[in-house]
Structures are given as C-alpha cells and as structure tokens.
Amino acid sequence: MNTETLNPKVAAAKVRPAEVVRKYGPFAGSDTINGVSFDGHNVWAATGAALVAFDPRDGGTVRSLAVPCDAGTAFDGTYLWQIAEARIDKIDPQSGEVLASIPAPGNGTDSGMAWAEGSLWVGQYRQRKIHQIDPTNGNILRTIESDRFVTGVTWVDGELWHATGEAGQSDIRRLQADTGAVLERLQMPEGISVSGLEADGGELFYCGGGNDGRVYAVKRSD
C-alpha cells in the first residue's frame, strides 16, 4: 500500500494552557517514564526495565511486568503493545509473556504509540511523523507529518492527539486526522515534558513526564 503523507497546518489552532490536575510517581526502581497507556482501570507506565500498572484513583501500584519498554505503550482492549528498541512487542498484561513481535517503523527512533481503528499509531520522535501501521506485520499504512518532535500519540472520541516537545516547550495537539491540520494546542507548564500520552476515554490525558519519573493527569477540555 502506498504511504500517504499529510502536512499539518498550525496557524489556526486554538491555544490554551494545559491544566494539570494530578501527578503520580516516581515509581520504585525508576526515574524515567518512556510511555503510558490506560486499560480502562489502570494506567500503565513504561519505566525502561518494567511496565508498571497503577490505580489512578490512589496511585497505588497494581502490577509490574519485567519487560523492555524504552518508548511508547498501547492497549488494544486485550493486550498491551510495547516499543522495545527496534521492535514492538504484543504482551499478555497478566503474565507479561511476549506473544508476538513486529518491526517498529522507526527502527529504534520511535516514541509514542496508540491503538485505534484496528491499527497501531506510532510516533517517530526526531523525524516528526506519526505512522499508522498494521499490527500483524508492521507495514506502514499512512503517515502524518508534524512540525514538532513527536513524543506521544493517542485517540479519543475519534480524534487524534499527539504530544510534542522542543526547545524546552511541550504541548498536546488535537489533529484533523484526514488532513493533519492542528486544531487545538494545550501548552504544558514550564519544566514539564511529555514522554507518552494516553486518554482515559473521558476528560483526562495521562502524560509521561520523561526524566522526572512522574505521570501527569491533564484535563482535555475547559
């Protein structure tokens, strides 16, 4: 399948400050967050050597899976998907068993990841791209370009959002998925970077805080 490349338009985007309503962590044995996901009950944080599930109501750790996790994390309703260097692993969330692996589109330069419409959506950090890929073989189905480094990807209410980070400023952007146009920008507070992004299906985003080892809950709308 031919790859379709879409160039975003940023000028007309609505801009407002992001409202951080809660923070979690740092988590035992780690000082970094590389990706986040949400399974409907627990938030999963990729801490490098382990995927840590915590209850967002009280921040308590529920489970820890000793798997490589150096970038984005996604949940498809049954399984976890985790970027591990140049591959993406499909993981049983109960046992931590790796059930299958596919090549990552960036071959080790990937960042955030999400599950939507039966596909994985994978960010490439410095290449400033988001790829829709086939979860059975890793083939790229579509590519959306950004004008900023891509540090996280999520879908909510049929809309694609991605996190960015560059020149000391991070934000969360709502895109028009068919054109790549930036419709809205939430600017994160100074000093908070975003490394992994996931919506809870309601009014919150969960954002990895990179090297501060925390996960932040951010309001999606006013």
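Biologist: In this predicted model, what stands opposite Arg87 in β11?

Modeller: Pro103 does. On its other strand partner, β9, Arg87 is the bridge partner of Ala84.

Biologist: How do you know that β10 pairs with β11?

Modeller: Two strands count as paired if there are at least two bridges between them. Five bridges join β10 to β11, so the pair passes that cut-off. The two strands run antiparallel.

Biologist: And what makes β9 and β10 a pair?

Modeller: Again the cut-off is at least two bridges, and five join β9 (residues 80-84) to β10 (residues 87-91), so they pair too. They also run antiparallel.

Biologist: What lies between β10 and β11 in their hairpin?

Modeller: Six residues, with Gly96 in the turn showing a positive phi of about 85°.

Biologist: Why are β8 and β11 called edge strands?

Modeller: Because β8 (73-75) and β11 (98-103) each pair on one side only. The open sheet has four strands, in the order β8-β9-β10-β11. Neighbours in this sheet are turned by 20° against each other on average, direction ignored.

Biologist: Now the largest pocket: how much space lies in it?

Modeller: About 420 Å³. It has 25 lining residues, and the closest to its centre are Tyr125, Thr151, Val194, Ser195 and Gly210.

Biologist: What makes Gly210 a lining residue?

Modeller: A lining residue has an atom within 4 Å of a pocket point, and Gly210 is listed in the lining, so it meets that limit.

Biologist: Which strand gives the largest share of that lining?

Modeller: β12, with three residues. By type, the lining divides into six nonpolar, 16 polar and three charged residues.

Notes: Residues are numbered from 1 along each chain as its sequence is written. This is a predicted model: local features need pLDDT of at least 70, side-chain atom pairs count only at pLDDT 80 or more; totals for chains, interfaces and linings use all residues. Side-chain values use heavy atoms; hydrogens and water are left out. Axes are lines fitted to C-alpha atoms, for helices over the stretch in contact, and angles run from 0 to 180 degrees between N-to-C directions. On a 1 Å grid over the protein atoms alone, a cavity is a set of points where a 1.4 Å probe fits but cannot get out, and a pocket is an open set with protein on both sides within 12 Å along at least five of seven lines; lining residues have an atom within 4 Å of a point. Grid points are joined across faces, edges and corners, and a volume is the space filled by probe spheres set on the points. Ala, Val, Leu, Ile, Met, Phe, Trp, Tyr, Cys and Pro count as nonpolar, Asp, Glu, Lys and Arg as charged, and the others, Gly among them, as polar.
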